[in-house]
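Dear colleague,

I am passing on the structure that we spoke about, together with some notes on what came out of going through it. Please have it open beside this message as you read.

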Amino acid sequence: FIGWMSNWNYAQLTPTQAWRSAMTLPRTLHLETVGGSVRLVSKPLAVINPENNSSVRYEIAAGSPPLLLTSDALNQSQIRFNWNGASVNLDFSNEKGQVLRLKLDATFKTMTLDRSNSGFVDFEERFKNEQQMDWNPLEGENNLNIYMDASSIEVFVNGGQSVLTAQFFNLKPFTHLEISQPLEELLVLEHFEIRPLESIWR
């Protein structure tokens, strides 16, 4: 499956020149029983999701400052890790102060993307709206798999049980990642990896 990465609310208005919109990464689709209900699961092809052999581990204790990471490859990379299912915020930012925020809320069981301060957002009022979908935390280990491109983000949670895709139009590449724990609980990240992705254009 390859999806159209846009929305008819603003497909003709996006602030681009050479082309408009994009297509998602190729994915597989299948049905899976999750929590007693049948759910459509979407996963990136194995060829773009190699085995994660990272041994990097982070802990963010309750009340601790956020984890701050910097990478020049962040805006064209795969970011992935396993974690203990606690609520977590991920802020992608650049030198212009623009921020793309992904929030996973274990209390309300939601995944939310806020791009209201991510760059060019004024071309259509609804583009600023938060995108939100269900996310059901698993008992024990959960996993997060993110693909960042020049102007898009694709998020796969728990093997594609929850998936979110969106465009953004930042003025400068995102080079900083801030990971924080919004509630008073321990956040444990394991097998953490920022894997640079090669461009298909050059």
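Glu32 has Arg39 in strand S2 as its bridge partner, and this pair belongs to the antiparallel pairing of S1 and S2, which extends over eight bridges. Please keep in mind throughout that the model is a predicted one. The hairpin that S1 and S2 form has two residues between the strands, and in it Gly35 adopts a positive phi near 60°.

The same two strands return when one turns to the surface, where Phe1, Leu29, Leu31, Val38 and Leu40 make a nonpolar patch of about 550 Å². Strand S1 (27–34) and strand S2 (37–44) are the elements that contribute two or more residues to this patch. Val38, which is found in strand S2, has a relative accessibility of 61% and therefore counts as exposed, the cut-off for that class being over 50%.

As for the overall make-up, the protein has 14 strands and zero helices. Its radius of gyration is 17 Å, close to the 17 Å that the globule rule gives for 202 residues, so the protein is as compact as a globular protein of that length. Along the principal axes, the C-alpha atoms fill a box of roughly 45 × 40 × 35 Å, and 42% of the 202 residues are buried.

Two open sheets deserve a description of their own. One is an open sheet of six strands in the order S3-S14-S5-S10-S11-S12, with antiparallel pairing. Strand S3 (57–60) and strand S12 (162–167) are its edge strands, each of them pairing on one side only, and from one strand to the next the twist averages 20°. Within this sheet, strand S10 (residues 142–149) and strand S11 (residues 152–157) run antiparallel and are joined by six bridges; Asp149, for example, has Ser152 in S11 as its bridge partner.

The other open sheet is likewise made of six strands, here in the order S4-S13-S6-S7-S8-S9, and its pairing is antiparallel. Strand S4 (67–70) and strand S9 (131–134) stand at the edges with a single partner strand each, so that one side of each is left without a neighbour in the sheet. Direction ignored, neighbouring strands of this sheet are turned against each other by 15° on average. Strand S6 (residues 88–93) pairs with strand S7 (residues 99–105) in the antiparallel sense over six bridges, and in this pairing Leu90 stands opposite Leu102 of S7.

Which side chains, then, are joined by salt bridges, of which a search of the whole structure finds eight? One of them is formed by the side chains of Glu154 and Arg27, with an N to O distance of 2.8 Å. This pair links distant parts of the chain, since Glu154 is in strand S11 and Arg27 in strand S1, 127 residues apart. Both partners lie under the 20% cut-off for burial: Glu154 has a relative accessible area of 4% and is buried, and Arg27, at 8% relative accessibility, counts as buried too.

Another salt bridge brings together the side chains of Glu193 and Arg80, at 2.7 Å from N to O. Glu193 lies in strand S14 (residues 187–196) and Arg80 in strand S5 (residues 77–83), so this pair ties together parts that are 113 residues apart in sequence. Arg80 has a relative accessibility of 6% and therefore counts as buried.

A further salt bridge is that of Glu130 with Lys103, whose closest N and O atoms are 3.3 Å apart. Because Glu130 lies in the loop between strand S8 (110–117) and S9, while Lys103 is in strand S7, the pair ties together parts that are 27 residues apart in sequence. Here Glu130 counts as partly exposed, at 43% relative accessibility, and Lys103 is likewise partly exposed, at 24%.

Lastly, Arg57, Glu59 and Glu190 are linked with one another in a network of salt bridges.

With best regards

Conventions
Residues are numbered from 1 along each chain as its sequence is written. This is a predicted model: local features need pLDDT of at least 70, side-chain atom pairs count only at pLDDT 80 or more; totals for chains, interfaces and linings use all residues. Side-chain values use heavy atoms; hydrogens and water are left out. Two strands pair if DSSP finds at least two bridges between them. Helices (H or I, at least four residues) and strands (E, at least two) are DSSP runs, numbered from the N terminus. Axes are lines fitted to C-alpha atoms, for helices over the stretch in contact, and angles run from 0 to 180 degrees between N-to-C directions. Patches are made of residues with over 30% relative accessible area and no salt bridge: like charges are joined within 9 Å, nonpolar side chains (Val, Leu, Ile, Met, Phe, Trp, Tyr) within 5 Å. Accessible areas come from the Shrake-Rupley method with a 1.4 Å probe; for residues, only the protein chains shown count as cover. A salt bridge is a side-chain nitrogen of Lys or Arg within 4 Å of a carboxyl oxygen of Asp or Glu. Buried means under 20% relative accessible area, exposed over 50%, partly exposed in between (1.4 Å probe, protein chains only). The radius of gyration is taken over C-alpha atoms; the globule rule is 2.2 Å times the number of residues to the power 0.38.
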